[in-house]
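These are my notes from an afternoon of looking things up in one structure. I took one topic at a time and wrote down what I found.

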Amino acid sequence: MTSLVWWMNQIIHAASLILFKKIGLKIKYGYAPKGFILDYFNQSLLKEFTEKLKEYYLEKNVVFIKINPEIAISEVDIKNYTRTYNWNAEIKDFLNDLGYIKLKDNLYFESLLPRFGGILNLKNLSLNNFQKNTRNKIKRSIQKGLEFEKSERSGIDLFYNFIKDKRNRDEFYYKDYYNIFHKDDQIDLFLVSINTKEFLINAKELYEKELENNNQLNHNLIEKNSQKNINLKMNSDRKLLAYKNDVLEATERNSKNEKIYIAGALIIKYKNRVQLLMSGYDRKFRRFCPNYFLHYKLMEYYQKDYQYFDLNGLTGDFTKENPYYGLNKFKLGFNPKVYEFIGEYDLVIQEKKYSQLLSNGTLAKIFNKPDLKKPKEKVEN
């Protein structure tokens, strides 16, 4: 790992953190997380910094440097999924002219970082701003007696149970991740559990209210046997059965006096922004809508001290045929601003070696995310 700074007249004009990884025994490549820190519209500066990078790393036998700048080139209208491009799109031409190789636009999550992202302004956070389905599921989760708590490193084992099927990483990977960022207070771990006593109280209250409503609807149906009254009665019957089952389940779970954890999330904090690194939930408790509850409580928790909440990636395919359709639908339910980013580029330093790595499939093998597991279901909740 190295840090490069470009000075002119005692003023810093460009900088970058470069991480390195070996390919085999003798070849290595660099990675600049989220690109270089400079004015990409200053073409002379971009050119000079690029040339200096190539000159410096050629001597260190680096084959290429990968960058994925967090530069938004368009905003996506989440109502019709049309994109409105901005002037940042011109930067693609600047990079191309300097020999940066634009990699294929990942439609899903093929590259290091997602090409599409959803960002919420926490200062405008309100349950009423969410889509109706999302609001209803958050309210339902609260009725189920869910509780939200901040945990320490010891909670990683519980958290890992909820995300182990998403990536081929063991729990020690996340423990190391937590240790590194925890040193500077840049990471938080949260867990969601069921308060069985609260669940029982709420379930009984809902059942009693619906029983009273059901009796009234039954009376109305006797008075007037209309299709409207029939539909209302049938809907109430379904609710009554669901609430009755909740009472039975809550009674049983409460009698065992055990704490049941059903969801968790890791959050990265930096300046005025928090990013959802990873989250998951126990699908056996899917009807409790824990993922909706978790995300809403995370937003509430950070609302006071941070401005933006990064939902950490969407796919560019907004159709129902998308295997990640459920993930997109879930995140869009919070009505975030959705941006398309510039994508991933390789700055080639040794063209011959880079071509060999490309032609023999080595690059595809390394960067096609073999640890990523596609979802088994299309719909999140």
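Entry 1, strand 8. I am working with a predicted model. I began with strand 8, residues 116–121, and asked how many of its six residues are buried. Five of them are, and I noted the strand as mostly covered.

Next I looked up its partners. Strand 8 runs antiparallel to strand 14, residues 337–341, and four bridges join the two. I picked out one bridge here: F116 has E340 as its partner in strand 14. Strand 8 is also joined to strand 13, residues 308–310, by three bridges, and this pair runs antiparallel too. Here I found N121 opposite Y308 of strand 13.

Entry 2, helix 1. I checked the length of helix 1, residues 43–58. It has 16 residues, which at 1.5 Å a residue should span 22 Å, and the C-alpha atoms at its ends are 22 Å apart, so the two agree. Then I listed its buried residues, which are L45, L46, F49, T50, L53 and Y57. These cover an arc of only 130° around the axis, so I put them on the same side of helix 1. I added a reminder to myself: an α-helix has 3.6 residues a turn, so residues three or four places apart point the same way.

Entry 3, the cores. Which residues touch the most other members of the largest nonpolar core? I found L298, M299 and F309, in a core of 35 residues. Strand 10 (187–194), helix 6 (196–223), strand 11 (260–270), strand 12 (273–281) and helix 8 (290–302) each supply at least two residues of this core. Helix 8 gives the largest share, seven residues.

I then followed L298 by itself. Setting aside neighbours within four places in sequence, I found L298 in contact with F148, F190, A265, I267, L276 and F309. Another core, of 24 residues, lies apart from the largest one, and its members include A14, F49, I65 and I349. I had already met F49 among the buried residues of helix 1. A general remark I wrote beside this: in soluble globular proteins, nonpolar side chains tend to be buried together.

Entry 4, aromatic pairs. I counted ring pairs with centres within 6.5 Å, and the count came to 26 aromatic pairs. I looked at two of them in detail.

For F64 and Y354, the ring centres are 5.3 Å apart and the planes stand at 75°; this is over 60, so I called the pair edge-to-face. F64 is in strand 4 (residues 62–67) and Y354 is in helix 10 (residues 351–359), so this pair ties together parts that are 290 residues apart in sequence. Are F64 and Y354 buried or exposed? I found both of them buried.

For F159 and Y174, the centres are 6.1 Å apart and the planes at 80°, so this pair is edge-to-face as well. F159 belongs to helix 4 (residues 156–163) and Y174 to helix 5 (residues 171–182), so the parts tied together are 15 residues apart in sequence. Both residues are buried. Ring pairs link F159 and Y174 into a cluster with Y160, Y173, Y177 and F181.

Entry 5, N136. I finished with N136, which I located in helix 3, residues 132–143. Its relative accessibility is 35%, so I entered N136 as partly exposed. I also noted its distance from L19: the two are 117 residues apart in sequence and 44 Å apart in space, C-alpha to C-alpha.

Key. Residues are numbered from 1 along each chain as its sequence is written. This is a predicted model: local features need pLDDT of at least 70, side-chain atom pairs count only at pLDDT 80 or more; totals for chains, interfaces and linings use all residues. Side-chain values use heavy atoms; hydrogens and water are left out. Buried means under 20% relative accessible area, exposed over 50%, partly exposed in between (1.4 Å probe, protein chains only). Two strands pair if DSSP finds at least two bridges between them. The expected span of a helix is 1.5 Å times one less than its number of residues. The arc is that of the directions from the helix axis to the C-beta atoms. A nonpolar core is a set of buried Ala, Val, Leu, Ile, Met, Phe, Trp, Tyr and Cys residues joined through side-chain atoms within 4.5 Å. Contact means heavy atoms within 4.5 Å. Rings of Phe, Tyr and Trp (its six-membered ring) pair if their centres lie within 6.5 Å; planes under 30 degrees apart count as stacked, over 60 as edge-to-face and the rest as tilted.
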